[in-house]
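Hi there,

Here is the structure I promised to send you. Have a look at it first, and then read on for what turned up.

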Amino acid sequence: MPRRRPRAVVIGAGFGGLAAAYELSKDGLADVTVLEKAGDIGGVWRANTYPGAACDVPSNLYSYSFARKTDWGRRYAEQPDILGYIHDTADRFGLRPLVRTGVEVTSAHYDDSTATWRVATSSGEVLEADVLVPAVGQLSRPALPTIPGLDAFAGPSFHSAEWRHDVDLAGTRVAVLGTGASAIQFVPRIRRIAGHVTVFQRSAPYVVPKPDRAYTGAHRAAFRKVPGFAAAMRQLIWEISEFFGLALTRVAPLARLIGIVAAANLKRHIKDPVLRAKLTPDYPIGCKRVLFSSDWYPALACDNVDVETAAITEVTPTGVRTDDGRLHDVDVIIYGTGFKATEFLAPMTITGRDGRDLHSQWREGARAHLGIAVPGFPNMFLIYGPNTNLGSSSIILMMEQQARYIRQIVQELARGGAARAFEVRRAVEQAYDAEVQSRLDAGVWTTCESWYRTASGRVTTNWPGLVREYRRRTQTASFADFEEILPASAAREVGV
């Protein structure tokens with residue numbers, strides 16, 4: 001049977017997009033083009049350059065399985081090291097020439113007559129592809145709060161993912177809005193130079209100690225020279241992360257144990273009973289992201305840091321007003337308010353078979369079979385799609401599994417010769433989604449408001465099981481789950 005080389009367009013050049021590019025370009029399987037709207041590769045690790053930016057997954061587990069890194073500088077790698085790893089890996093495996101930077105995709109339209117995708121960019125260019133792989137991630141679009149007067153502030157203000165390195169914080173009064181995973185990293189750094197930091201908190205996070213340390217020469221030598229040591233360490237860390245995942249998805253006693261550790265961490269560092277009360281969470285552990293830090297609480301206990309729990313009513317030209325009537329005068333505002341995690345693939349317009357609009361189809365919340373395939377959108381396969389985020393472990397493991405799954409489908413397309421497409425069967429996707437949502441409804445993530453959920457309460461971000469289960473379910477692509485879509489012209493010829 002004649003063999004063809006499918007054309008694949010990947011959107012996004014972060015960890016997920018590069019994993020897809022690696023799998024699809026390997027052995028010359030597909031003609032791959034990666035479109036990246038930013039000026040360089042790296043995704044969130046290119047964008048997030050705030051002070052203290054680091055991973056909360058141990059570095060031994062935070063690398064591709066096909067390019068394992070054993071010479072990390074720390075147990076928990078910091079942003080420059082991770083970005084350096086991404087660059088080195090892209091160069092080592094010949095991925096960089098596949099990437100076009102500074103190219104923003106605005107829309108993608110499936111052409112029924114040719115069974116191809118037409119991908120439009122902000123410059124007006126249109127690319128044609130047999131396979132479309134959106135890999136834009138869940139944490140790529142910063143979210144700002146809906147507070148009156150946001151644009152009224154006269155001083156510098158910026159989101160943590162768009163850090164203003166030209167703003168000198170030395171001696172300034174800084175307002176930090178948010179107490180999530182980014183804020184707990186940059187607040188301990190900026191409080192060392194700022195005159196005063198006021199942290200505005202809506203809800204207190206659970207924080208457990210982060211056992212970080214610099215690797216010594218002996219560590220690096222062992223990783224490099226002792227046979228099997230690096231692999232054994234990676235496996236051990238993965239098993240520990242799976243154990244932690246059990247606490248968040250299935251085993252309540254484990255969650256309570258983590259809660260005890262978090263409470264002990266708070267008690268150890270915060271002696272003031274008033275401050276401790278402010279920092280005590282009032283929701284079940286795991287409902288929101290559990291955070292890792294050994295310097296967050298010590299930073300909040302410093303004399304030049306205040307924690308404000310009164311609700312913000314407006315931003316004024318000189319500061320932040322709270323609902324108790326106080327105006328907090330500040331010089332700089334930093335938004336540590338997270339990302340638009342549930343707005344998958346926005347603001348792109350994606351049009352599938354028979355003119356289906358993806359965002360209309362997802363109006364009740366994003367959903368996809370295995371987080372990868374969407375009914376009505378042939379040959380479109382997502383990386384880090386709906387319900388594939390993790391409460392623990394390394395997201396790179398999930399992305400790699402998705403890339404390998406997609407490779408199997410593209411291999412079948414290549415073997416087929418003629419133009420065609422695979423579309424997941426609606427009944428298959430519906431059964432999968434019903435299972436996932438049922439498991440999520442029985443878990444902790446539906447018990448409070450968080451960035452995991454849409455306004456309607458549907459959890460669209462998180463996977464309800466362990467990485468081990470997801471790996472098993474995506475190990476082999478079942479073509480019985482898909483129907484084959486022929487171009488309209490070919491379908492007419494065979495009487496379909």
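Arg-4, Arg-7, Arg-118, Glu-128 and Asp-130 are joined in a network of salt bridges. Please keep in mind that this is a predicted model. As background, side chains of opposite charge can pair when their charged atoms come close. Over the whole structure, a search finds 35 salt bridges.

A few other pairs are worth finding on your screen. Arg-407 and Asp-27 meet through their side chains, at 3.6 Å from N to O. Arg-407 sits in helix 11 (residues 395-416) and Asp-27 in the loop between helix 1 (15-25) and strand 2 (31-36), so this salt bridge ties together parts that are 380 residues apart in sequence. Are the two partners buried or exposed? Arg-407 is buried, because its relative accessible area is 11% and buried means under 20%. Asp-27, at 69%, counts as exposed.

Glu-343 and Arg-141 form another salt bridge, with their closest N and O atoms 3.0 Å apart. Here too distant parts of the chain are linked: Glu-343 belongs to the loop between strand 17 (332-335) and strand 18 (349-351), and Arg-141 to the loop between strand 7 (131-134) and strand 8 (157-159), 202 residues apart. Glu-343 is partly exposed at 40% relative accessibility, while Arg-141 is buried at 18%.

Now for the domains. The domain assignment gives domain 1 (7-140 + 341-492) and domain 2 (157-335). The contact between them takes 45 residues from domain 1 and 41 residues from domain 2. Together the two domains bury about 3900 Å², with 53% of that on carbon and sulfur atoms. On the domain 1 side, Tyr-50, Asn-60 and Arg-75 lose the most area to domain 2, together 17% of what that side buries.

How many salt bridges cross the interface of domain 1 and domain 2? There are five. The interface also has 22 residue pairs in polar contact. Helix 13 (residues 467-473) gives the largest share of the side of domain 1 that touches domain 2, namely four residues. By class, that side of domain 1 has 20 nonpolar, 15 polar and ten charged residues. You can also look for the salt bridge between the side chains of Glu-242 and Arg-468, at 3.5 Å from N to O.

Last, try Tyr-297 in helix 9 (residues 296-300). Tyr-297 is buried, with a relative accessible area of 4%, and the residues it touches include Pro-205, Val-207 and His-269.

Enjoy exploring!

Key: Residues are numbered from 1 along each chain as its sequence is written. This is a predicted model: local features need pLDDT of at least 70, side-chain atom pairs count only at pLDDT 80 or more; totals for chains, interfaces and linings use all residues. Side-chain values use heavy atoms; hydrogens and water are left out. Helices (H or I, at least four residues) and strands (E, at least two) are DSSP runs, numbered from the N terminus. Buried means under 20% relative accessible area, exposed over 50%, partly exposed in between (1.4 Å probe, protein chains only). Contact means heavy atoms within 4.5 Å. Domain bounds come from an automatic or database domain assignment. Buried area is the accessible area (1.4 Å probe) that two parts lose on being put together, summed over both. A salt bridge is a side-chain nitrogen of Lys or Arg within 4 Å of a carboxyl oxygen of Asp or Glu. A polar contact is a pair of N or O atoms within 3.5 Å; within protein, one must be able to donate a hydrogen and the other to accept it, and residues adjacent in sequence count only if both atoms are side-chain atoms. Ala, Val, Leu, Ile, Met, Phe, Trp, Tyr, Cys and Pro count as nonpolar, Asp, Glu, Lys and Arg as charged, and the others, Gly among them, as polar. Lists of a residue's contacts leave out its neighbours within four places in sequence.
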